[in-house]
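Here are some notes to read alongside the structure, arranged as numbered points. Please keep the view open and find each residue as it is named.

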Amino acid sequence: MAQTSKELNTLTNKDLSIQISLSGLSFCILQRDTNTISNLTEINFGKKLNYLVLLDHLKNALEANPNLQETFDNVTVVHDNEIANLVPMPLFDEDHLADYLKFNSKILKSDYIATDDIVLNDSVNVYVPFTNINNFVYDTFGEFTFKHVSSVLIENILLIEKNADAPKVYVNVGQNHFEIVVVDKAKLLLYNTFDFTTKEDFIYYILFTTEQLKLNPETFQLVLLGEIAENDELYNIAYKYIRFISFGSRNENYIYTEVPKSNHSNFTLINSF
């Protein structure tokens, strides 16, 4: 998790969280003094855009929504992309950030590389944020915090699973991509992210991942989060191949002015506060 250094002068008891991906934007406003989520906005592009066009969409969204133009005590940006890698804390060396990413992703010399500490996993998440987005948010709101979507996901799942004694496979579904987190006895076994276009892609990546970990689809538990609902095509094909399926929960107690689609939707956005 990283933070900028501009100071805010007024307290409003309002926090803003923005989740940024190439396929969509999400916004959430938390009124701290009443523990109320007062605004929840999602924008789906329908396809992946490039990072330059992404900035234009963010500007347009802020201009179109007066609630997002207010003053906030805290602003958090969650970067949702595939350019991230976990490094065990004892092996982490800040002088080799690019080395941790270059085997899995194309890294440019001009890329800014950030890190989040994941204390519960004794690891460091190394990733490339959308730098143009960070610069714009700083110019617009001043001081803000940013982190990677996988950091939020892993931390919250490890908290939920801290007393568990059986392996669980969490799948957090976004627009044409999903993150997968596998935990066993409160330990992280695997994190990865996949792009998909069909329901067959979706189940293939889940079954391939679990097969590599020697997990039996007749016995492991699949927990679904994000943009997925009972009896939609993704759920149905998962249920065809995996015996035990359930929906997760954000595990929070906010009051909602705008109610989310379900208890398992917007998991990373709302848990980023």
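1. Leaving aside its neighbours within four places in sequence, which residues is Leu-58 in contact with? Before answering, please bear in mind that this is a predicted model. The partners of Leu-58, once those sequence neighbours are set aside, are Ile-18, Ile-20, Leu-25, Phe-27, Ile-133, Phe-136 and Val-137.

2. Those contacts lead to the largest nonpolar core, which has 28 residues and in which Ile-20, Leu-58 and Ile-133 have the most contacts. Two or more residues of this core come from each of strand E2 (14-21), strand E3 (24-31), helix H1 (51-64), strand E5 (74-80) and helix H3 (131-141), and H1 gives the most, with five residues. A second core, separate from this one, has 22 residues, and Phe-202, Leu-222, Tyr-235 and Ile-242 are among them. As general background, nonpolar side chains tend to be buried together in soluble globular proteins.

3. Helix H3 deserves a look of its own. Its buried residues are Asn-132, Ile-133, Asn-134, Phe-136, Val-137 and Phe-141, and what covers these buried residues includes E2, H1, E5 and strand E9 (145-148). After H3 comes Gly-142, which has a positive phi, near 85 degrees.

4. How do H1 and H3 lie relative to each other, roughly parallel or roughly perpendicular? Their axes come within 9 Å and cross at roughly 25 degrees; an angle under 35 degrees counts as roughly parallel, and H1 and H3 are therefore roughly parallel to each other. The crossing in which H1 passes H3 is right-handed. On the H1 side the contact is made by Tyr-51, Leu-52, Leu-54, Leu-55, Leu-58, Lys-59 and Leu-62, and on the H3 side by Asn-132, Ile-133, Phe-136, Val-137, Thr-140 and Phe-141. Sorted by class, the residues of this contact are ten nonpolar, two polar and one charged.

5. A second pair of helices can be read in the same manner. The axes of helix H5 (residues 199-212) and helix H6 (residues 233-241) come within 9 Å and cross at roughly 40 degrees, an angle that makes H5 oblique to H6. H5 passes H6 in a crossing that is right-handed. In this contact Lys-199, Glu-200, Phe-202, Ile-203 and Leu-207 of H5 meet Glu-233, Leu-234, Ile-237, Ala-238 and Tyr-241 of H6, and the residues divide into seven nonpolar, no polar and three charged.

6. Is His-148 buried or exposed? This residue is found in strand E9, and His-148 counts as buried because its relative accessibility is 0%, where buried means under 20%. Not counting residues up to four places away in sequence, His-148 touches Val-78, His-79, Asn-81, Ile-83, Ala-84, Asp-116, Asn-125, Tyr-127 and Tyr-191. To place His-148 against another part of the chain, His-148 and Asn-60 are 88 residues apart in sequence and 23 Å apart in space, C-alpha to C-alpha.

7. Leu-158, whose place is in helix H4 (residues 149-160), is likewise worth finding. With a relative accessible area of 5%, Leu-158 is buried, and, leaving aside its neighbours within four places in sequence, Leu-158 is in contact with Leu-120, Asn-121, Val-183, Ala-186, Lys-187 and Leu-188. Leu-158 and Asp-195 are 37 residues apart in sequence, and their C-alpha atoms are 24 Å apart in space.

8. Finally, two asparagines should be checked for their backbone angles. Asn-13 lies in the loop between strand E1 (2-3) and E2, and its phi is near 65 degrees, which is a positive value in a residue other than glycine; at 35% relative accessibility, Asn-13 counts as partly exposed. Asn-35 is found in the loop between E3 and strand E4 (36-44), and its phi, near 55 degrees, is again a positive value in a residue other than glycine. Asn-35 has a relative accessibility of 26% and therefore counts as partly exposed.

Definitions and conventions:
Residues numbered from 1 in each chain as written. Predicted model: local features only at pLDDT ≥ 70, side-chain atom pairs only at ≥ 80, totals over all residues. Heavy atoms only, no water. Core = buried A, V, L, I, M, F, W, Y, C linked by side-chain atoms within 4.5 Å. Buried < 20%, exposed > 50% of the residue type's maximum accessible area, 1.4 Å probe, protein only. Helix = DSSP H or I, 4+ residues; strand = E, 2+ residues; numbered from the N terminus. Contact = heavy atoms within 4.5 Å. Axes fitted to C-alpha atoms, helices over the stretch in contact; angles between N-to-C directions. Parallel < 35°, antiparallel > 145°, perpendicular 65-115°, else oblique. Left-handed = near helix turned anticlockwise from the far one by under 90°. Nonpolar A, V, L, I, M, F, W, Y, C, P; charged D, E, K, R; others polar.
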